[in-house]
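Okay everyone, thanks for coming. I'd like to walk you through one model today, so let me put it up on the screen.

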Amino acid sequence: MDRLSLLLFGHAAFQYLNAACELELLDLLMEREPLTADEIRDELRLAERAADILLLGCTALGLTCKEGDRYRVAPLITALAAEGTWSKIKDTVAFEQHIVYQGQVDFVASLRENTNVGLRHIPGDHPDLYHRFSRHPRLEGVFYRYMRSWSQLANDHLVAALDLADATRLLDCGGGDAVNACALAQSNPHLRATVLEIPASATLTEKRIAEAGLSDRVSVLPCDMFADAFPSGNDCVLFAHQLVIWTPEENTALLRKAHDALVPGGRVVIFNSMSDDEGDGPLVAALDSVYFATLPAEGGMIYPWRLHERCLREAGFSDIQRVPVPGWTPHGIIIAYKRGG
């Protein structure tokens, strides 16, 4: 029945998590626990009833623990903070609250119409979410903080999986704020990388590259990936969190362009969340697919490994390799090669 309760009232459970983050309840307890309800109320500047509601929900959900009349943060939160993951979780919560939540009300309509009906909640004329961010700088900031954090949860595995010792040129397609391109460049001092990004976001990408001290080796090329040609002569082409947005047909078209942009023997890398080939999980992949159904673009979901592999074969790639990523996120890596090396 607890599972049924969370299914019925999952929206309310998430709101407790978001409130605990935005009001900084959990951070307060990590700094000063244990605290009484009165002390928490005073620190958060909440009325008695409001604090009682917040503490009731957070304790029932296991975010906080009560010992006598005092509250502590749950061991899980402490552990996440100790390993540096808690800040990334908070970025994910903000993304869900401020960007995803409203659009998900249109999930059924999006399924019926097979398009991103929920995008109507983000004002703008462009048919995809990312071009609309230029009109909403606050949401753009929330989104890119989330994407950086979501990538950082797994991109150590990306760096480890890619032996780029013989590579000199990397093309990062739709690379966002260059979090993955910078990580690969830092681990491979001989590597030069080009990040393809929409013009509206290219300035932010350049800023992040400069902050990483990599402007001499990582550059940005503003472009429309579907309309513009890819620069040629690359040893590796990376699609990080890109091929979950588009339809399989659009993914195949992008992969064909990547194939043309590679030198013989070069490789393409897909790094994003994956669902199981059997279509029964993992749970996070299923839940995340609601976002891709309702908001970003007309197609997309957390696709199974086999579908990415089919697109790769149709685009001309061979020697396809899967690299599962351990952990609670459903990240995975697929590497495939262009013949002729």
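I'll talk about a helix, then a few backbone oddities, then the surface.

Quick ground rules: this is a predicted model, where local features need pLDDT of at least 70, side-chain atom pairs count only at pLDDT 80 or more, and totals for chains, interfaces and linings use all residues. Residues are numbered from 1 along each chain as its sequence is written, and side-chain values use heavy atoms, with hydrogens and water left out.

Let's start with helix α13, residues 199–211. Helices here are DSSP runs of H or I, at least four residues, and strands are runs of E, at least two, numbered from the N terminus. Which residues of α13 are buried? They are Ser201, Ala202, Thr205 and Ile209; buried means under 20% relative accessible area, exposed means over 50%, and partly exposed is in between, with a 1.4 Å probe and protein chains only. Looking down the axis of α13, those buried residues fall within an arc of 115°, so they line one face of the helix. That arc is taken from the directions from the helix axis to the C-beta atoms. It helps to remember that an α-helix has 3.6 residues a turn, so residues three or four places apart point the same way.

And what does that buried side of α13 pack against? It's α10 (137–152), α12 (179–187), β5 (192–197) and β6 (218–222), with contact meaning heavy atoms within 4.5 Å. On the face turned away, α13 carries the exposed residues Thr203 and Glu211. After the helix comes Gly213, with a positive phi near 70°.

Now the backbone oddities. There's a cis peptide bond from Glu33 to Pro34, omega near -5°, and Pro34 sits in the loop between α3 (25–32) and β1 (35–36). Another cis bond joins Gly281 and Pro282, with omega about -5°; Pro282 is in the loop between β8 (262–273) and α15.

Then we have positive phi values outside glycine. His241 has one of about 55°, and that residue is buried, at 9% relative accessible area. Asp319, in strand β9 (residues 318–324), has a phi near 50°. Is Asp319 buried or exposed? At 54% relative accessibility, Asp319 counts as exposed.

Last stop, the surface. Met1 is exposed at 75% relative accessible area, and Met1 comes in the segment before α1 (2–8). Arg45 is exposed too, at 78%, in the loop between α4 (37–44) and α5 (48–60).

Conventions:
Expected span 1.5 Å × (residues − 1).
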